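This report concerns local packing and strand pairing in one protein chain. The sequence and the structure are shown below.

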Amino acid sequence: MQLLHAPSSLHLSFNNSRPHSEKSFLLSSVCCSSHPQRHQKPTWISYKRSVLSSTTPKSTSASTSAISSGTAEADVLKALSQIIDPDFGTDIVSCGFVKDLQINEALGEVSFRLELTTPACPIKDMFEQKANEVVAMLPWVKNVNVTMSAQPARPVFAGQLPAGLQTISNIIAVSSCKGGVGKSTVAVNLAYTLAGMGARVGIFDADVYGPSLPTMVSPENRLLEMNPEKRSIIPTEYLGVKLVSFGFAGQGRAIMRGPMVSGVINQLLTTTEWGELDYLVIDMPPGTGDIQLTLCQVVPLTAAVIVTTPQKLAFIDVAKGVRMFSKLKVPCVAVVENMCHFDADGKRYYPFGRGSGSQVVQQFGIPHLFDLPIRPTLSASGDSGMPEVVADPLGEIAQTFQNLGVCVVQQCAKIRQQVSTAVTYDKFIKAIRVKVPDSEEEFLLHPATVRRNDRSAQSVDEWTGEQKLQYADVPEDIEPEEIRPMGNYAVSITWPDGFSQIAPYDQLQTIERLVDVPQLTPAQA
């Protein structure tokens with residue numbers, strides 16, 4: 001192997017209380033920029049990958065079985081591999097969706113479970129139908145039983161998360177960094193759109209100075225409750241969505257200094273019993289100060305949705321927020337331009353001008369833009385306590401939020417997949433594979449080189465900068481025991497000596513790389 005140097009580059013009050021066809025079936029998905037018909041549900045695919053787990057079929061007598069167990073299982077998996085994930089171009093077997101495969105060859109019965117990544121996937125019926133069809137086409141199959149399920153909610157983040165956040169798959173920040181642009185409206189309607197798709201959803205209102213959630217929803221219980229045994233907060237609920245806001249803490253709006261506000265937000269968010277959630281939507285407060293930074297650093301945000309209006313002034317403030325998320329390695333996946341136009345007398349009017357949303361998309365490379373018109377019903381629904389997507393689920397506004405929901409689900413799945421596979425260890429060639437998210441380049445690193453480049457206090461003296469970890473201290477044949485993602489910016493590598501190294505992507509890109517690595521097969525290794 002040769003080494004090639006990489007280019008440098010306060011206290012809260014609560015209440016206590018037949019032969020199969022060889023063709024593949026590409027299931028159609030809705031692009032985020034498309035607009036489905038009003039009465040037609042948009043469809044998209046589920047992306048989260050898992051390890052294929054198939055149960056070995058019960059052995060039967062070789063004299064009475066016309067097909068061997070191995071051949072029967074191979075036939076079923078080959079049939080199912082005709083169903084292709086349209087966005088990643090990978091079949092559902094390779095994606096790891098097929099679970100608990102059981103085959104009774106004597107009776108010609110096949111049963112299995114398709115474990116999708118989120119219960120919000122509306123294409124699950126198409127998955128079930130197509131899986132039934134392709135397996136039933138096998139000549140020896142007489143009966144097919146397909147069950148659908150979703151993976152348990154869990155974060156990709158590998159750090160020590162507060163207990164309340166350990167069963168949340170995706171945390172979405174809805175931000176504008178400017179007040180009055182409709183951020184809370186977007187956050188609430190997005191959350192209820194995701195819930196309408198079948199996901200388990202929560203909303204956290206992070207604006208302590210002016211909480212909007214108590215006005216925009218109408219839960220029967222308008223006070224948060226405390227679990228005295230666990231000293232945790234029990235969220236209130238409305239239409240199946242879990243809700244937490246300082247406005248539900250019995251003190252209305254807060255009058256306090258910044259450091260106290262950060263502590264309140266931290267307490268509300270991290271000590272709440274959220275349970276299993278597919279998506280937690282955070283309604284971020286305006287600005288880019290201590291509160292926003294606290295949220296971004298305490299919580300492993302999956303992605304952000306940016307809300308703006310057509311005015312230039314709105315763009316200036318939004319740009320600050322996008323830069324903040326970029327610095328904190330939180331990808332912005334969509335821009336919502338609110339109050340962009342209205343229709344009257346057969347014409348379309350743009351009272352606040354045009355182009356702010358497009359400018360954000362073009363300048364910062366955010367891939368998706370959604371327009372929200374000026375509608376009296378949207379404003380009225382926010383005041384009435386009934387979200388617009390619930391009050392008029394077939395209306396134009398609901399369709400826009402449906403498209404936004406599809407986009408958020410799609411982008412979150414892509415981000416999770418990229419992060420979970422960004423850094424892996426290839427035991428056959430004894431090298432660490434690195435493919436940083438949003439990069440097409442893949443490169444190899446020698447494990448010993450990565451270990452020697454640790455910059456933590458255990459390896460480098462914080463005061464003098466003197467190297468404490470010496471070259472000879474790391475054996476050349478060292479191999480990582482575990483590599484886990486650390487949010488969207490780094491991985492945690494556990495070594496045989498028990499040391500856990502935090503390796504940021506930016507650092508890995510500057511380490512000497514391996515070239516001319518022989519591609520060994522498992523048998524050779």
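Across which strands does helix 8 lie, and at about what angle does it run to strand 17? Helix 8 (residues 356–364) lies across strand 16 (303–308), strand 17 (332–337) and strand 20, and its direction is at about 165 degrees to that of strand 17. Axes here are lines fitted to C-alpha atoms, for helices over the stretch in contact, with angles from 0 to 180 degrees between N-to-C directions; contact means heavy atoms within 4.5 Å. Helices (H or I, at least four residues) and strands (E, at least two) are DSSP runs, numbered from the N terminus.

The model is predicted: local features need pLDDT of at least 70 and side-chain atom pairs count only at pLDDT 80 or more, while totals for chains, interfaces and linings use all residues. Residues are numbered from 1 along each chain as its sequence is written, and side-chain values use heavy atoms, with hydrogens and water left out.

**The open sheet**

An open sheet of 8 strands, with mixed pairing, follows the order 13-14-10-15-9-16-17-20. Two strands pair if DSSP finds at least two bridges between them. Strand 13 and strand 20 (369–371) stand at the edges with a single partner strand each, so one side of each has no neighbour in the sheet. From one strand to the next, the twist averages 25 degrees.

At one edge, strand 13 pairs with strand 14 (residues 241–245) in the antiparallel sense over 3 bridges. Tyr-238 has Val-241 in strand 14 as its bridge partner. Leu-239, in the loop between these two strands, has a positive phi of about 55 degrees although it is not a glycine. Met-339, in the loop between strand 17 and strand 18 (342–344), likewise is a residue other than glycine with a positive phi, near 55 degrees.

**Aromatic rings and charges**

Rings of Phe, Tyr and Trp (its six-membered ring) pair if their centres lie within 6.5 Å; planes under 30 degrees apart count as stacked, over 60 as edge-to-face and the rest as tilted. The count comes to 3 aromatic pairs. One of them joins Tyr-192 and Tyr-238 edge-to-face, with 6.2 Å from centre to centre and 70 degrees between the planes. Because Tyr-192 lies in helix 3 (residues 183–196) and Tyr-238 in strand 13 (residues 236–238), the pair ties together parts that are 46 residues apart in sequence. In another pair, the ring centres of Phe-342 and Tyr-349 are 5.3 Å apart and the planes are at 20 degrees, so this pair is stacked.

The table gives the accessibility of these rings, where buried means under 20% relative accessible area, exposed over 50%, and partly exposed in between (1.4 Å probe, protein chains only).

| Residue | Relative accessible area | Class |
|---|---|---|
| Tyr-192 | 5% | buried |
| Tyr-238 | 12% | buried |
| Phe-342 | 29% | partly exposed |
| Tyr-349 | 32% | partly exposed |

A charge sits over a ring if NZ of Lys or CZ of Arg is within 6 Å of the ring centre and within 35 degrees of the ring normal. Arg-354 lies over the face of Tyr-350, 4.0 Å from the ring centre, and the charged end of Arg-452 sits over the ring of Tyr-471 at 3.7 Å from its centre.

**Hairpin and His-446**

Strand 21 (residues 423–426) and strand 22 (residues 431–434) pair in the antiparallel sense over 4 bridges. They form a hairpin with 4 residues between them, and Lys-430 in the turn has a positive phi of about 55 degrees.

His-446 lies in the loop between strand 23 (443–445) and helix 12 (447–452) and is buried at 16% relative accessibility. Not counting residues up to four places away in sequence, His-446 touches Glu-476 and Leu-514.
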